[in-house]
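Let's take a walk through a protein model and look at how its charged side chains pair up. Have the 3D view ready to turn as you read.

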Amino acid sequence: MKLEFVAIQKDGEYESPGTDAPTVVADVVGAMTALYGASGYEPPWIGYLIKENGTFVGTCGFKSPPQYDRVEIAYFTFPEYESRGIATEMAAELIRMALDARPDVTIAAQTLPKESASTAILKKLNFAFVETVNHPEDGLVWEWQLQRM
């Protein structure tokens with residue numbers, strides 16, 4: 001599978017010639033530009049829309065530029081495209097981007113505090129559970145960090 005990562009710009013613009021975007025894309029772009037306002041806009045530490053064969057299939061990105069040598073990734077496959085390995089590929093590409101930009105950065109992710117497709121993806125990509133944390137908006141979440149050899 002070959003995914004195309006389409007950067008969401010600071011002003012909410014994104015390149016997408018010839019593609020009709022589903023409603024969820026506008027929601028994602030709005031949320032991402034609000035996040036930029038709160039945490040800053042600093043490529044490559046931004047949000048991305050994901051296309052496969054010209055169709056939007058998900059979104060992923062970094063929750064902010066690195067802070068205290070730590071960066072958090074997030075990914076979401078649109079429901080009609082789940083269970084095809086898209087989220088795994090998105091997360092793997094975010095890891096590659098992060099390490100290319102800052103080889104020393106700690107890469108983290110947070111999930112709901114239960115086993116799920118997302119925890120399976122993180123385990124597959126060599127993340128380990130670190131601790132349960134109280135997130136100000138999401139309540140209790142599991143914190144994961146990439147383990148490097």
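**Following the salt bridges**

In this predicted model, begin at R102, which makes a salt bridge with D69, their closest N and O atoms lying 2.6 Å apart. Where do R102 and D69 lie? R102 is in the loop between helix 2 (86-101) and strand 5 (106-111), while D69 is in the loop between strand 3 (55-62) and strand 4 (70-77), so this pair ties together parts that are 33 residues apart in sequence. As for the surface, R102 is partly exposed, with a relative accessibility of 25%, and D69 is also partly exposed, at 41%.

Why can such pairs form at all? Side chains of opposite charge can pair when their charged atoms come close.

Now find K63. This residue forms a salt bridge with E72, and the closest N and O atoms are 3.0 Å apart. Is E72 buried or exposed? With a relative accessibility of 9%, E72 counts as buried, whereas K63 is partly exposed, at 31%. The pair also belongs to a wider group: K63, R70, E72 and E143 are linked in a network of salt bridges.

Next, turn the model to E115. Its salt-bridge partner is K123, with 2.9 Å between the closest N and O atoms. E115 counts as exposed, because its relative accessibility of 51% is over the 50% cut-off. K123, with a relative accessible area of 43%, is partly exposed.

How many salt bridges does the structure hold? There are 9, and the pairs you have just visited, including R102 with D69, are a good place to start exploring.

Key. Residues are numbered from 1 along each chain as its sequence is written. This is a predicted model: local features need pLDDT of at least 70, side-chain atom pairs count only at pLDDT 80 or more; totals for chains, interfaces and linings use all residues. Side-chain values use heavy atoms; hydrogens and water are left out. A salt bridge is a side-chain nitrogen of Lys or Arg within 4 Å of a carboxyl oxygen of Asp or Glu. Buried means under 20% relative accessible area, exposed over 50%, partly exposed in between (1.4 Å probe, protein chains only). Helices (H or I, at least four residues) and strands (E, at least two) are DSSP runs, numbered from the N terminus.
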